[in-house]
Amino acid sequence: MSRYLLNKFLYTVDRDPELVERYREKPQETVSWWEAERAGQLLGAIPAEATTWLRFTDEEREALAAHDYVRLFALGAHPFLTLTLFIAMFERDYAEPLAFQREYAARLAHFSLPYPDITT
(Lines give C-alpha, C1' and ligand atoms only; values in the text may rest on other atoms or scores of the structure.)
Protein backbone atom coordinates (compact mmCIF):
# COMPACT_ATOMS: atom_id res chain seq x y z
CA MET A 1 0.00 0.00 0.00
CA SER A 2 1.26 3.46 -0.86
CA ARG A 3 -0.53 6.32 0.86
CA TYR A 4 1.98 8.58 -0.87
CA LEU A 5 0.84 7.46 -4.33
CA LEU A 6 -2.86 7.72 -3.44
CA ASN A 7 -2.33 11.25 -2.18
CA LYS A 8 -0.17 12.16 -5.17
CA PHE A 9 -2.96 11.01 -7.50
CA LEU A 10 -5.59 13.04 -5.63
CA TYR A 11 -3.33 16.10 -5.45
CA THR A 12 -2.27 16.13 -9.10
CA VAL A 13 -5.69 15.36 -10.54
CA ASP A 14 -7.36 18.03 -8.38
CA ARG A 15 -5.00 20.69 -9.73
CA ASP A 16 -5.79 20.04 -13.39
CA PRO A 17 -9.37 20.90 -14.47
CA GLU A 18 -9.12 18.66 -17.55
CA LEU A 19 -8.02 15.71 -15.40
CA VAL A 20 -10.83 16.39 -12.93
CA GLU A 21 -13.37 16.05 -15.75
CA ARG A 22 -11.60 13.04 -17.21
CA TYR A 23 -11.57 11.32 -13.83
CA ARG A 24 -15.26 12.14 -13.31
CA GLU A 25 -16.33 10.74 -16.68
CA LYS A 26 -13.89 7.84 -17.17
CA PRO A 27 -12.46 6.96 -13.77
CA GLN A 28 -11.02 3.52 -14.51
CA GLU A 29 -9.34 4.69 -17.70
CA THR A 30 -7.98 7.79 -15.96
CA VAL A 31 -6.55 5.80 -13.07
CA SER A 32 -4.87 3.35 -15.45
CA TRP A 33 -3.48 6.15 -17.62
CA TRP A 34 -2.27 8.16 -14.62
CA GLU A 35 -0.57 5.15 -13.07
CA ALA A 36 1.24 4.34 -16.32
CA GLU A 37 2.11 7.91 -17.36
CA ARG A 38 2.24 10.12 -14.27
CA ALA A 39 2.85 8.00 -11.16
CA GLY A 40 6.60 7.97 -11.71
CA GLN A 41 7.01 11.68 -12.29
CA LEU A 42 8.69 13.51 -9.46
CA LEU A 43 6.71 16.64 -8.60
CA GLY A 44 8.69 19.81 -9.17
CA ALA A 45 11.47 18.02 -11.04
CA ILE A 46 12.43 17.89 -14.71
CA PRO A 47 10.74 15.08 -16.69
CA ALA A 48 13.99 13.10 -16.90
CA GLU A 49 13.86 12.69 -13.13
CA ALA A 50 11.39 9.87 -12.59
CA THR A 51 10.91 6.63 -10.76
CA THR A 52 9.63 3.33 -12.10
CA TRP A 53 8.66 1.34 -9.04
CA LEU A 54 5.50 3.10 -7.77
CA ARG A 55 2.24 1.23 -8.38
CA PHE A 56 -1.20 1.14 -6.81
CA THR A 57 -2.35 -2.02 -5.11
CA ASP A 58 -5.41 -3.67 -6.64
CA GLU A 59 -7.50 -2.39 -3.73
CA GLU A 60 -6.28 1.19 -4.20
CA ARG A 61 -6.84 1.05 -7.96
CA GLU A 62 -10.37 -0.31 -7.43
CA ALA A 63 -11.25 2.35 -4.82
CA LEU A 64 -9.97 5.14 -7.08
CA ALA A 65 -11.83 3.77 -10.10
CA ALA A 66 -15.05 3.52 -8.05
CA HIS A 67 -14.71 7.06 -6.66
CA ASP A 68 -14.97 5.37 -3.26
CA TYR A 69 -13.71 8.10 -0.93
CA VAL A 70 -14.78 6.15 2.15
CA ARG A 71 -12.53 3.26 1.21
CA LEU A 72 -9.78 5.67 0.17
CA PHE A 73 -9.91 7.22 3.67
CA ALA A 74 -9.70 3.76 5.21
CA LEU A 75 -6.65 3.10 3.04
CA GLY A 76 -4.95 6.24 4.32
CA ALA A 77 -5.76 8.85 1.69
CA HIS A 78 -5.77 12.31 3.22
CA PRO A 79 -9.38 13.46 3.78
CA PHE A 80 -8.66 17.04 2.66
CA LEU A 81 -7.39 15.78 -0.69
CA THR A 82 -10.38 13.49 -1.25
CA LEU A 83 -12.82 16.18 -0.16
CA THR A 84 -11.45 18.90 -2.44
CA LEU A 85 -11.25 16.64 -5.48
CA PHE A 86 -14.66 15.09 -4.99
CA ILE A 87 -16.23 18.51 -4.40
CA ALA A 88 -14.79 19.59 -7.76
CA MET A 89 -16.25 16.50 -9.40
CA PHE A 90 -19.64 16.08 -7.74
CA GLU A 91 -20.83 19.24 -5.98
CA ARG A 92 -22.56 20.32 -9.19
CA ASP A 93 -24.82 17.26 -8.99
CA TYR A 94 -26.52 18.53 -5.81
CA ALA A 95 -29.30 21.12 -5.69
CA GLU A 96 -28.32 22.88 -2.49
CA PRO A 97 -25.06 24.35 -1.21
CA LEU A 98 -22.92 22.05 0.93
CA ALA A 99 -25.11 19.01 0.16
CA PHE A 100 -22.17 17.01 -1.14
CA GLN A 101 -20.03 17.99 1.85
CA ARG A 102 -22.81 16.82 4.21
CA GLU A 103 -23.02 13.50 2.37
CA TYR A 104 -19.23 13.15 2.53
CA ALA A 105 -19.30 13.74 6.30
CA ALA A 106 -22.20 11.35 6.81
CA ARG A 107 -20.49 8.56 4.85
CA LEU A 108 -17.32 8.98 6.93
CA ALA A 109 -19.18 9.32 10.25
CA HIS A 110 -18.70 5.67 11.22
CA PHE A 111 -14.95 6.24 11.63
CA SER A 112 -13.80 6.98 15.16
CA LEU A 113 -10.49 7.80 16.75
CA PRO A 114 -7.90 6.72 16.09
CA TYR A 115 -8.51 7.47 12.43
CA PRO A 116 -6.62 5.54 9.73
CA ASP A 117 -3.01 6.62 9.41
CA ILE A 118 -2.67 9.27 6.71
CA THR A 119 1.05 9.87 7.03
CA THR A 120 3.17 9.30 3.96
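In this predicted model, arginine 71 pairs with aspartate 68 in a salt bridge, with 3.3 Å between the closest N and O atoms. Arginine 71 has a relative accessibility of 22% and counts as partly exposed. Aspartate 68, at 19%, counts as buried. The two residues fall in separate classes because buried means under 20% relative accessible area. Elsewhere, salt bridges with shared partners link Arg24, Glu25 and Asp93 into one network.

By the rule used here, the salt bridges number ten. Side chains of opposite charge can pair when their charged atoms come close. Two further pairs show which parts of the chain are joined in this way.

One of them is formed by the side chains of arginine 92 and glutamate 21, which meet at 2.6 Å, N to O. Arginine 92 belongs to the loop between helix 6 and helix 7, whereas glutamate 21 belongs to helix 2, so this salt bridge ties together parts that are 71 residues apart in sequence. Both ends of the pair are partly exposed: the relative accessible area of arginine 92 is 42%, and glutamate 21 has a relative accessibility of 32%.

Another salt bridge brings together the side chains of glutamate 35 and arginine 61, at 2.8 Å from N to O. Here glutamate 35 sits in helix 3 and arginine 61 in helix 4, so the pair ties together parts that are 26 residues apart in sequence. Glutamate 35 has a relative accessibility of 8% and counts as buried. Its partner, arginine 61, is partly exposed, with a relative accessible area of 23%.

The nonpolar residues can be followed next. The largest nonpolar core consists of 30 residues. Within that core, the residues with the most contacts are Phe9, Leu10, Tyr23, Phe56, Leu64, Leu85 and Phe86. Seven helices each give two or more residues to the core: helix 1 (3–14), helix 2 (17–25), helix 3 (27–37), helix 4 (58–65), helix 5 (69–74), helix 6 (79–90) and helix 7 (99–108).

Leucine 10 gives a view of the packing from a single side chain. Leaving aside residues up to four places away in sequence, leucine 10 touches Leu64, Ala77, Leu81, Thr82, Leu85 and Phe86. Among these contacts, Leu64, Leu85 and Phe86 are also listed, with leucine 10, as residues with the most contacts inside the core.

Conventions:
Residues numbered from 1 in each chain as written. Predicted model: local features only at pLDDT ≥ 70, side-chain atom pairs only at ≥ 80, totals over all residues. Heavy atoms only, no water. Core = buried A, V, L, I, M, F, W, Y, C linked by side-chain atoms within 4.5 Å. Buried < 20%, exposed > 50% of the residue type's maximum accessible area, 1.4 Å probe, protein only. Helix = DSSP H or I, 4+ residues; strand = E, 2+ residues; numbered from the N terminus. Contact = heavy atoms within 4.5 Å. Salt bridge = Lys/Arg side-chain N within 4 Å of Asp/Glu carboxyl O.
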